[in-house]
Amino acid sequence: MYSLNNVSLEIDQGQIFGLLGPNGAGKTTLISMLCGLVKPTSGHFTIDELNYTSHSSKIKKIIGVVPQEYALYPTLTARENLHYFGSMYGLKGSYLKDKVIETLDLLGLLKFADKRIETFSGGMKRRVNLIAGILHNPKVLFLDEPTVGVDVQSKNAIIDYLKFLNKNGTTIIYTSHHLGEAEDFCTNIAILDRGRIYAQGTPSSLIAATEKAQNLEDVFISLTGKDFRDEL
């Protein structure tokens, strides 16, 4: 895994911003820093005009985080998990109860609300994982591989719901290895490799600027090469 090196980004409110790169390029490290999970050794950043060094607690209240690994308690039901995570954000009472029902319904999970997470398929867990990160209506949502390993129907449901959130004001910062998905989903993209940003722009502008590129995958290979990035 590469450490970040002189990374500079400006992400406008309302964007769906994709961070793309090979394994170990630094994507998760960057998101972890922006979420306050990893402390940068140098440099600085702001979110919603709040500087992380002096307003970290305020930043944590306005961001949502959906990790690649399931952040769920397997022996609890979907409803119990979401009530627990919602309470951590300060939600309570009828608002929390109604919000959990609403989001489970929107993502096709309401009839499974009182089933234990350990009985869910990967796609169902991925949808509950998403709901846990957005119950408090974050201004900025960080997603690390939100559709990895899921069935087509779950993938479509997740992407459609993310578009709904974005349309209603949530800025989305997203990592993925699904380049076709990113090309269709993202408004802007940065391609990261070896801890550096190699290119940044809209999907169409990056394709247009790369010789013989027909799609985002061609751009990605042109910038990062064809070598395997296997890790132990």
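Begin by selecting helix 5, one of the helices (H or I, at least four residues) and strands (E, at least two) taken as DSSP runs and numbered from the N terminus, and colour its buried residues, which are Gly 123, Met 124, Arg 126, Arg 127, Val 128, Asn 129, Leu 130, Ile 131, Ala 132, Gly 133 and Ile 134. Here buried means under 20% relative accessible area, exposed over 50%, and partly exposed in between, with a 1.4 Å probe and protein chains only. The helix is mostly covered, with 11 of its 13 residues buried.

The model is predicted, so local features need pLDDT of at least 70 and side-chain atom pairs count only at pLDDT 80 or more, while totals for chains, interfaces and linings use all residues. Residues are numbered from 1 along each chain as its sequence is written, and side-chain values use heavy atoms, with hydrogens and water left out.

Next, show what surrounds the helix: its buried residues pack against strand 4 (63-66), helix 3 (78-88), helix 4 (93-106), strand 5 (140-144) and helix 6 (152-167), where contact means heavy atoms within 4.5 Å.

From there, move to Val 65, which lies in strand 4 and counts as partly exposed because its relative accessibility is 29%. Leaving aside residues up to four places away in sequence, Val 65 touches Cys 35, Gly 133, Leu 141 and Phe 142. Draw a C-alpha to C-alpha distance from Val 65 to Gly 133, and the two are 5.3 Å apart in space, although 68 residues apart in sequence.

Finally, select Met 88, which lies in helix 3 and, at 55% relative accessibility, counts as exposed.
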